[in-house]
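Work through the following exercises with the sequence and the model side by side, and try each task before reading its solution.

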Amino acid sequence: MPLSEHEQRLLEQMERALYAEDPKFASALEGTGLRTYTRRKVYLAAAGFVVGVGLLMGGMVAQHIWVGVVGFLVMLVCAVLAVTGWRRSPAGHGAGPKTAPAPRRKAGVMDRMEQRWQRRRDEHNGM
């Protein structure tokens with residue numbers, strides 16, 4: 001559940017106060033452990049993918065279908081883990097408190113139709 005605008009401002013004020021009072025402690029709390037854990041998870045998934053390729057090739061060479069299937073499954077699972085770990089990684093930590101960009105809302109079909117209807121009604125009332 002996203003924070004409200006008021007809660008977001010309070011959090012940013014608290015972050016700025018923490019950085020002003022004790023920048024060393026604030027930088028220690030930034031979440032580098034999470035970033036390291038995520039990076040390690042992605043690297044392990046990449047290594048597992050390479051092992052899966054080796055199993056797949058070994059199964060093909062030895063003409064053992066089940067080894068090739070296991071290798072393919074290992075590759076698939078590791079690829080999914082790497083992609084999900086990469087997308088969830090906390091990007092941009094380490095530069096101090098950041099302000100969240102305002103959420104942009106795309107105008108949907110109904111919004112555009114309503115805007116057109118309002119324009120037509122305004123044009124008709126203006127004549």
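**Exercise 1.** How many salt bridges does the structure hold? Find the partners and describe where they sit in the chain.

*Solution.* Keep in mind from the start that this is a predicted model. The count comes to 1 salt bridge. As a general point, side chains that carry opposite charges can pair when their charged atoms come close. The partners here are R9 and E5, whose closest N and O atoms are 3.6 Å apart, and this fits the requirement that a nitrogen of Lys or Arg lie within 4 Å of a carboxyl oxygen of Asp or Glu. Both residues belong to helix α1, which covers residues 5-21, and because they are 4 residues apart there, about one helical turn separates them. The next step is to look at their surroundings: R9 counts as partly exposed because its relative accessibility is 43%, whereas E5, at 61%, counts as exposed.

**Exercise 2.** Describe the overall build of the protein, beginning with its elements and ending with its surface.

*Solution.* Begin with the secondary structure, where there are 5 helices and 0 strands, so that the order from the N terminus reads α-α-α-α-α. Turn next to burial, and note that 14% of the 127 residues are buried. Among contacts with a separation of 6 or more, 58% are between residues 24 or more positions apart. Finally, the protein exposes about 10800 Å², of which carbon and sulfur atoms supply 65%.

**Exercise 3.** Is M75 buried or exposed, and which residues does M75 contact beyond its neighbours within four places in sequence?

*Solution.* First locate M75, which is found in helix α4, a helix that spans residues 65-88. Its relative accessible area is 13%, and since buried means under 20%, M75 is buried. Once the neighbours within four places in sequence are set aside, the contacts of M75 are F49, G52, V53 and L56. As a last step, compare sequence with space: M75 and V50 are 25 residues apart in sequence, while their C-alpha atoms are 7.4 Å apart.

**Exercise 4.** Find the two surface patches described below, and place one residue of each in its helix.

*Solution.* The nonpolar patch is formed by I65, V69, F72, L73, L76 and V80, which together have about 580 Å² of accessible area. Taking V80 as the example, you will find it in helix α4, where it counts as partly exposed because its relative accessibility is 46%. The other patch carries positive charge and gathers R112, R116, R119 and R120 on the surface. Here R116 serves as the example: it lies in helix α5, residues 109-126, and its relative accessibility of 44% makes it partly exposed.

**Exercise 5.** Where does Q63 lie, and what is its phi angle near?

*Solution.* Locate Q63 in the loop between α3, which covers residues 32-62, and α4. Its phi is near 60 degrees, which is a positive value in a residue other than glycine. To complete the description, Q63 counts as exposed, because its relative accessibility is 70%.

**Exercise 6.** Which residues does L3 contact, leaving aside its neighbours within four places in sequence?

*Solution.* L3 is placed in the segment before α1, and with a relative accessible area of 44% it is partly exposed. After those neighbours have been set aside, L3 is in contact with Q8 and L11.

Key: Residues are numbered from 1 along each chain as its sequence is written. This is a predicted model: local features need pLDDT of at least 70, side-chain atom pairs count only at pLDDT 80 or more; totals for chains, interfaces and linings use all residues. Side-chain values use heavy atoms; hydrogens and water are left out. Patches are made of residues with over 30% relative accessible area and no salt bridge: like charges are joined within 9 Å, nonpolar side chains (Val, Leu, Ile, Met, Phe, Trp, Tyr) within 5 Å. Accessible areas come from the Shrake-Rupley method with a 1.4 Å probe; for residues, only the protein chains shown count as cover. A salt bridge is a side-chain nitrogen of Lys or Arg within 4 Å of a carboxyl oxygen of Asp or Glu. Buried means under 20% relative accessible area, exposed over 50%, partly exposed in between (1.4 Å probe, protein chains only). Lys and Arg count as positive and Asp and Glu as negative; His and the chain ends are not counted. The place of a charge is taken as NZ of Lys, CZ of Arg, CG of Asp or CD of Glu. Contact means heavy atoms within 4.5 Å.
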